Amino acid sequence: MNISKKEYAQLANRYSAPSKLYITVPKAFAIGGLICCIGQFFTDLYLMIGNDIDTASAYTSITLVLISALLTGFGQYERIAKHAGAGTLVPITGFANAVVSPALEFKTEGYILGTGAKMFIIAGPVIVYGIAAAFVYGIILFIISLFGG
Amino acid sequence: MAKLISEGTIELDRGVSVYSCAAAVGKMESDGPLGNCFDYAAEGAELGLTTWEKAESTFQQYAFDIALRKGKLIKEDISFIFAGDLLNQCTGSAYGLRDTDISFIGLYGACSTMAESLAMASLFADMRLGEYFAAVTSSHFCSAERQFRFPINYGGVRPPTAQWTATGAGCCITSVAEKPPYVKRVTIGKITDMGIKDANNMGAAMAGAAYDTIKRHLLATKTTPDDYDVIYTGDLGQVGTDLMCELFRRDGIEIEPKHKDCGLMLYDREKQDVHAGGSGCGCSASVLCGHILPQIAEGKLHKVLFAATGALMSTTIVQQGESIPGISHLVEISDTL
Amino acid sequence: MQYLWAFLVGGALCAIGQLLIDLTKLTPARILVAYVVSGVILGATGLYQPLVDFAGAGASVPLTGFGNLLAKGMRKAIEKDGFLGIFTGGFTACSAGVTAAMIFGLAVSLIFNRTDRTRQE
């Protein structure tokens with residue numbers, strides 16, 4: 001080979017067209033922002049019918065997850081995601097899509113070993129590390145409460 | 001009798017020809033620039049079947065059946081089948097061809113399998129180990145996506161260097177026959193690791209292998225790119241194409257005017273969202289069987305090199321942080337003996 | 001006005017994610033983990049809640065809000081149950097979203113069939 005691996009890596013980097021940030025970032029901003037506005041609409045709605053803010057937020061999450069699940073089922077979520085990038089990834093709808101899409105995809109391997117076992121193949125790490133981080137926080141809080149409380 | 005003329009390069013001298021060939025593709029491929037040259041174009045990628053894996057096997061079966069029919073052959077005429085695909089344990093081929101009742105040799109060369117299987121089928125023909133030999137391969141966007149990447153309905157982000165796995169299959173039937181296109185020489189590739197670790201940049205991982213194999217073939221045959229009408233590579237895509245041309249440029253060889261990449265020919269990158277181009281065994285297979293070989297048979301092309309390229313990785317190994325080795329096998333095809 | 005802040009803050013959180021995808025080699029799964037863990041840390045240090053009060057769904061719908069919720073739930077659970085709260089707080093807090101995703105995922109897989117993405121491109 002007439003090139004070192006290091007030099008080749010630099011060459012590969014040069015020829016690998018980067019994403020067009022001036023397109024991807026505004027699109028992610030707009031679609032992500034829009035999803036949050038839809039969330040705000042539902043939060044206001046649930047507040048209006050007499051819920052407190054925590055309950056309204058929880059219902060909002062459930063509603064957005066439902067919408068995302070339906071869009072995933074109809075094969076539309078990934079069509080939006082193609083344009084939105086992180087705009088559909090970061091909101092809770094992205095988490096729902098990450099759970100629903102493997103559930104649907106792997107049902108050909110059965111409801112137990114396919115849908116059931118592979119449902120959290122993408123979203124699993126989010127729960128594992130979210131809970132783990134909260135757990136660490138909980139230990140710290142508990143220790144503080146022993147001395148401070 | 002075939003003889004070794006240089007390291008890895010074998011010359012065939014008994015007039016082995018691609019007696020018949022066929023390509024079966026999905027909808028996106030038939031919507032592309034080569035759309036009307038395929039023997040079978042499906043309405044979608046599922047063929048009315050319950051799983052993507054079944055669909056892929058069926059594409060392979062179609063390509064084989066059509067190639068037989070075009071050559072006015074029956075399956076009992078075939079002595080050996082060489083076949084491979086991208087699915088785990090090559091099940092696309094095993095299930096697609098399980099009812100053929102023909103001696104079966106499974107191959108794994110990732111996306112280089114079309115050239116690998118055609119080389120083997122040509123050598124067997126040269127050795128007269130029967131009369132007709134089949135080389136078959138396939139890939140399927142959906143079955144590859146769920147095995148190598150994400151569920152079909154997942155809204156993940158594909159970087160611009162990612163390639164689109166072609167849905168389709170190709171089949172070549174070789175025989176010693178007085179009829180072009182003839183397989184003149186083959187060069188078997190070496191495993192070439194360029195140190196690329198990004199599974200979304202397969203073109204970069206494979207470009208070194210394509211360079212190495214084509215270079216060795218040119219040296220062994222004492223030819224230059226100008227001696228060929230076209231030098232085809234399998235599925236380097238845009239990134240890999242640029243890289244391979246650059247590697248040749250460093251040796252003072254200008255390959256770009258003669259070079260075409262099947263991954264860039266199969267789709268219209270302006271209109272179809274395939275990022276850096278097509279990939280998968282079915283990409284080079286359908287371009288070879290649907291476009292290149294018929295062009296040679298019609299006398300529109302006279303002498304070409306077909307260097308299919310493959311990335312010899314698995315998702316497990318890539319997750320473990322290993323780099324991605326590439327391979328490229330080459331077949332020289334001509335319209336004269 | 002609330003909608004404008006929700007749009008701007010939510011959009012900005014997504015734009016940061018997009019920059020991480022485009023400029024680093026971080027895969028989407030890693031970015032989601034980073035968002036949730038950052039949300040827990042920001043929530044634990046009390047920095048995230050003001051943003052939620054200010055931007056509403058713009059801060060609670062992105063996954064950092066999910067992390068903030070975990071931290072908040074943990075605080076509540078320890079106040080109520082003491083040591084046991086360390087084990088129950090996290091899941092209690094995120095149970096609505098996770099259960100919804102699980103149940104709707106199951107329902108979708110029962111009702112719908114896979115789509116042929118190659119027809120869409």
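Student: In this predicted model, how many residues of chain B are in contact with chain A?

Tutor: An interface is first read from who touches whom, and here 33 residues of chain B are in contact with 31 residues of chain A. The two chains bury about 2,700 Å² between them, and 60% of that area lies on carbon and sulfur atoms. On the side of chain B, B:Arg146, B:Asn153 and B:Tyr154 supply 25% of the area buried against chain A, more than any other three residues.

Student: How many salt bridges and polar contacts lie between chain B and chain A?

Tutor: The count is 4 salt bridges, and the rule finds 15 residue pairs in polar contact across this interface, both residues being at pLDDT 80 or more. The elements of chain B that give two or more residues to the side touching chain A are strand 11 (192-193), helix 6 (202-221) and helix 7 (237-250), with the largest share, 7 residues, coming from helix 7 of chain B. By residue class, that side divides into 15 nonpolar, 9 polar and 9 charged.

Student: Which residue of chain B meets A:Glu7 in a salt bridge?

Tutor: The side chain of B:Arg250 does so, with an N to O distance of 2.9 Å.

Student: How should I read the interface of chain C with chain A, and how much area do they bury between them?

Tutor: The same kinds of line of inquiry apply. Chain C and chain A bury about 5,700 Å² between them, 79% of it on carbon and sulfur atoms, and 66 residues of chain C are in contact with 65 residues of chain A. In chain C, the residues that lose the most area to chain A are C:Tyr3, C:Val61 and C:Phe112, which together account for 11% of what that side buries.

Student: What polar features does this interface hold, and which element of chain C gives the most residues to it?

Tutor: Between chain C and chain A there are 2 salt bridges, and the side chains of C:Lys72 and A:Asp54 meet in a salt bridge at 3.2 Å, N to O. The count of residue pairs in polar contact is 13, both at pLDDT 80 or more. Helix 6 of chain C gives the most to the side that touches chain A, with 18 residues, and the residues of that side divide into 44 nonpolar, 15 polar and 7 charged.

Student: Which elements do the buried residues of helix 2 of chain C pack against?

Tutor: Helix 2 of chain C (residues 28-44) has 17 residues and reaches 24 Å from its first C-alpha to its last, close to the 24 Å expected at 1.5 Å a residue. Its buried residues, including C:Ile31, C:Leu32 and C:Val36, pack against helix 5 (86-89) and helix 8 (124-148) of chain A, together with helix 1 (2-23), helix 3 (48-55) and helix 5 (63-81) of chain C. The helix is followed by C:Gly46, whose phi is positive, near 75 degrees.

Student: How many salt bridges does the structure hold, and where in the chain are B:Arg185 and B:Glu11?

Tutor: Over all chains there are 26 salt bridges. The side chains of B:Arg185 and B:Glu11 meet in one of 2.7 Å, N to O, and this pair links distant parts of the chain, B:Arg185 in strand 10 (residues 182-187) and B:Glu11 in strand 2 (residues 9-11) of chain B, 174 residues apart.

Student: Why does B:Arg185 count as buried?

Tutor: B:Arg185 counts as buried because its relative accessibility is 18%, and the cut-off for buried is under 20%.

Key: Residues are numbered from 1 along each chain as its sequence is written. Chains are lettered from A and ligands numbered from 1 in the order in which they are written. This is a predicted model: local features need pLDDT of at least 70, side-chain atom pairs count only at pLDDT 80 or more; totals for chains, interfaces and linings use all residues. Side-chain values use heavy atoms; hydrogens and water are left out. Contact means heavy atoms within 4.5 Å. Buried area is the accessible area (1.4 Å probe) that two parts lose on being put together, summed over both. A polar contact is a pair of N or O atoms within 3.5 Å; within protein, one must be able to donate a hydrogen and the other to accept it, and residues adjacent in sequence count only if both atoms are side-chain atoms. Helices (H or I, at least four residues) and strands (E, at least two) are DSSP runs, numbered from the N terminus. Ala, Val, Leu, Ile, Met, Phe, Trp, Tyr, Cys and Pro count as nonpolar, Asp, Glu, Lys and Arg as charged, and the others, Gly among them, as polar. The expected span of a helix is 1.5 Å times one less than its number of residues. Buried means under 20% relative accessible area, exposed over 50%, partly exposed in between (1.4 Å probe, protein chains only).
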